[in-house]
Amino acid sequence: TSRGQRLLNAYYRLLGAELIFFDTLRRHANEKFDAGLESEIASLQSFDELSAFIHDGAPVGQIALSTYSRHVGTGLVDPGDPEVRRLIVGWVREIILAMRIANRVYSDHRVEVLFFSEVFMEEYGAFYYTALNRNLNVIRCAGTVRDDAFIFQHRSRAHDRIHHSSVDPSTWERLMRQQDDSRIEAELIQNFSDRYGEKWHRSKRNQPGTAVVEVESAKRQLGIRPGRKVSVIYSHILYDTLFFFGTDLFKDYAEWLVETARAAIANPHLDWLIKVHPSNLWRGEFGTLLKGRYEEELLLESTFGSLPPHVRIVPADTPINPLTWFRLADYGITVRGTSGLEMAALGKTVITAGTGRYEGNGFTIDPPDAAAYLDLLSRLHTLPPPDADRIRLAKLYAHAIFVMKPYTLHSMTPQLRTGRRQVQASDDLIYMPAAVDGSKLPPDLARFADWALRPGDRDLLSGPGVQ
């Protein structure tokens with residue numbers, strides 16, 4: 001922790017935790033890099049050189065690029081600008097230094113198990129990869145769109161870049177053998193209804209003021225002519241968590257968006273809708289770092305000027321609920337977004353442009369390289385809809401991710417903090433303990449504690465039949 005986190009530190013002390021202050025460790029770490037490392041860092045001039053830089057098995061260059069992008073709020077990175085390169089190289093140095101600090105902390109305090117939320121920015125990436133290098137028991141924790149559930153996943157060097165909202169191949173193989181399709185279908189339908197309804201505060205922040213409308217009504221609102229097929233391009237936040245989840249067909253999200261839009265412009269046989277990511281609405285950067293305009297809009301405007309009538313940008317504050325977008329589209333285009341899995345489960349054709357999430361499991365089309373991807377978009381309108389087997393696989397995987405992967409905390413009750421009427425930041429929700437027998441852990445926490453000490457058991461799942 002850091003000394004400035006007074007409230008957080010007070011909670012840690014209530015738990016009897018020993019506090020180690022990173023800012024103190026950093027202040028006393030005055031190590032010099034040897035000549036070889038200094039020379040290697042000095043040689044990092046281009047984007048590709050920075051992206052390829054690895055130190056002690058950690059993708060330090062990519063972590064530094066990701067950190068820079070997140071701090072300045074842009075997915076457009078030009079190391080040819082001396083100030084930009086200075087900032088990125090500064091993060092390269094900080095991450096290497098933090099790796100050395102992490103090694104000392106792990107040795108001095110005999111660390112065995114670690115819980116991470118952030119793993120690919122700033123010193124977090126350094127501590128994460130140092131733990132993986134030492135074969136420690138590393139657990140990634142993440143929030144979900146549900147108020148009452150979190151995701152927990154064991155990580156290793158062989159699984160360092162997978163998305164937290166995915167399942168291990170061994171888990172997927174077991175789940176594919178499930179036969180209760182009617183139950184899975186019913187639970188998945190209910191989950192979609194809950195996530196895009198009014199049930200959970202965390203999900204509502206992605207779709208404020210939206211309504212689910214009939215597909216034909218939505219198409220009329222959007223000016224889509226009868227008989228026209230629709231492809232929705234689900235844009236990613238261009239500057240958020242770059243490079244972490246698997247590998248991409250393009251240099252970054254910005255290049256992917258530009259080249260995908262270029263392909264859409266060249267294919268007038270479809271209506272193409274470029275949907276700006278809904279989390280732009282609550283992340284806080286829109287009115288600060290982004291100065292009131294989406295970076296996606298600015299990027300496409302500077303590249304193409306005005307777009308042709310068959311290609312349109314859909315702003316994040318569209319009044320049409322996301323569930324309607326899934327239903328009206330025939331095709332979904334994404335690098336690895338959640339929307340791709342949702343659309344596949346609803347029987348739509350999905351094209352991916354990256355790995356690390358749900359690709360390669362039999363229900364998406366995953367081009368091997370950028371050329372194949374762009375060729376596919378040029379003839380997208382000729383592709384048939386997925387068959388029944390592909391849709392079943394998509395539903396199974398979506399059920400695993402949306403229903404089983406979020407681990408429900410029955411022993412805690414989420415509620416809004418005093419003075420809050422809606423959730424924007426994660427700590428707008430607080431968790432109050434339910435009435436429990438104080439002599440032992442509640443069943444959900446006991447099961448979590450048992451799983452946490454078994455690093456070979458990759459996924460912690462909720463749901464019927466889960467042991």
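Let's start with helix α5, whose buried residues are covered by elements that include α4 (47-52), α6 (82-108) and α7 (122-133). Keep in mind as you look around that this is a predicted model. Helix α5 itself runs over residues 60-72, so to speak a 13-residue helix, and reaches 18 Å from its first C-alpha to its last, close to the 18 Å expected at 1.5 Å a residue. How many of the 13 residues of α5 are buried? Ten of them are, which leaves α5 mostly covered. The buried ones are V60, G61, Q62, I63, A64, L65, S66, T67, Y68 and S69.

Now look at the two sides of this helix along the chain. Just after α5 comes G73, and its phi is positive, at about 70°. Going the other way, the loop between α4 and α5 holds D56. D56 also has a positive phi, about 50°, although it is not a glycine. That's worth a second look, because most residues other than glycine have a negative phi. Is D56 buried or exposed? With a relative accessible area of 55%, D56 is exposed, because exposed means over 50%.

There's another residue of this kind to find. R110 is not a glycine either, and its phi is positive, near 50°. You'll find R110 in the loop between α6 and β1 (113-116). At 68% relative accessibility, R110 counts as exposed.

Since α6 has come up as one of the elements covering α5, let's see what else it meets. Helix α3 (residues 35-42) crosses α6 at roughly 145°, and their axes come within 11 Å. The crossing is a right-handed one. On the α3 side, the contact is made by L37, E38, I41 and A42, while α6 brings R85, V89, V92, R93, I96 and R100. Sorted by class, this contact of α3 with α6 has six nonpolar and four charged residues, with no polar ones. If you'd like to see how a helix can offer one side to a partner, it helps to know that an α-helix has 3.6 residues a turn, so residues three or four places apart point the same way.

Further along the chain, another pair of helices is waiting. Helix α12 (residues 253-265) and helix α16 (residues 370-378) have axes that come within 9 Å and cross at roughly 35°. Here α12 passes α16 in a right-handed crossing. Which residues of α12 and α16 meet? W256, E259, T260 and A263 in α12 meet Y373, L374 and L377 in α16. That contact of α12 with α16 comes to five nonpolar residues, one polar and one charged.

The next pair is α15 (residues 338-345) and α17 (residues 388-404), which pack at an angle of about 130° with their axes 8 Å apart. That angle makes α15 oblique to α17. This time the crossing is left-handed. From α15, the residues T338, L341, E342, A344 and A345 take part, and they meet I391, A394, K395, Y397, A398, I401 and F402 of α17. By class, the contact of α15 with α17 divides into nine nonpolar residues, one polar and two charged.

Stay with α15 for a moment, since M343 sits in this helix. Is M343 buried or exposed? At 0% relative accessibility, M343 counts as buried, because buried means under 20%. Leaving aside neighbours within four places in sequence, M343 is in contact with Y234, F326, A329, Y331, G332, K348 and V350. As for I391, it lies 48 residues from M343 in sequence and 9.8 Å away in space, C-alpha to C-alpha.

Finally, turn to another methionine, M432, in strand β11 (residues 429-433). M432 is partly exposed, with a relative accessible area of 38%. Not counting residues up to four places away in sequence, M432 touches S411, M412, T413 and Q415. M176, by contrast, is 256 residues from M432 in sequence and 36 Å from it in space, C-alpha to C-alpha.

Terms used
Residues numbered from 1 in each chain as written. Predicted model: local features only at pLDDT ≥ 70, side-chain atom pairs only at ≥ 80, totals over all residues. Heavy atoms only, no water. Axes fitted to C-alpha atoms, helices over the stretch in contact; angles between N-to-C directions. Helix = DSSP H or I, 4+ residues; strand = E, 2+ residues; numbered from the N terminus. Parallel < 35°, antiparallel > 145°, perpendicular 65-115°, else oblique. Left-handed = near helix turned anticlockwise from the far one by under 90°. Contact = heavy atoms within 4.5 Å. Nonpolar A, V, L, I, M, F, W, Y, C, P; charged D, E, K, R; others polar. Buried < 20%, exposed > 50% of the residue type's maximum accessible area, 1.4 Å probe, protein only.
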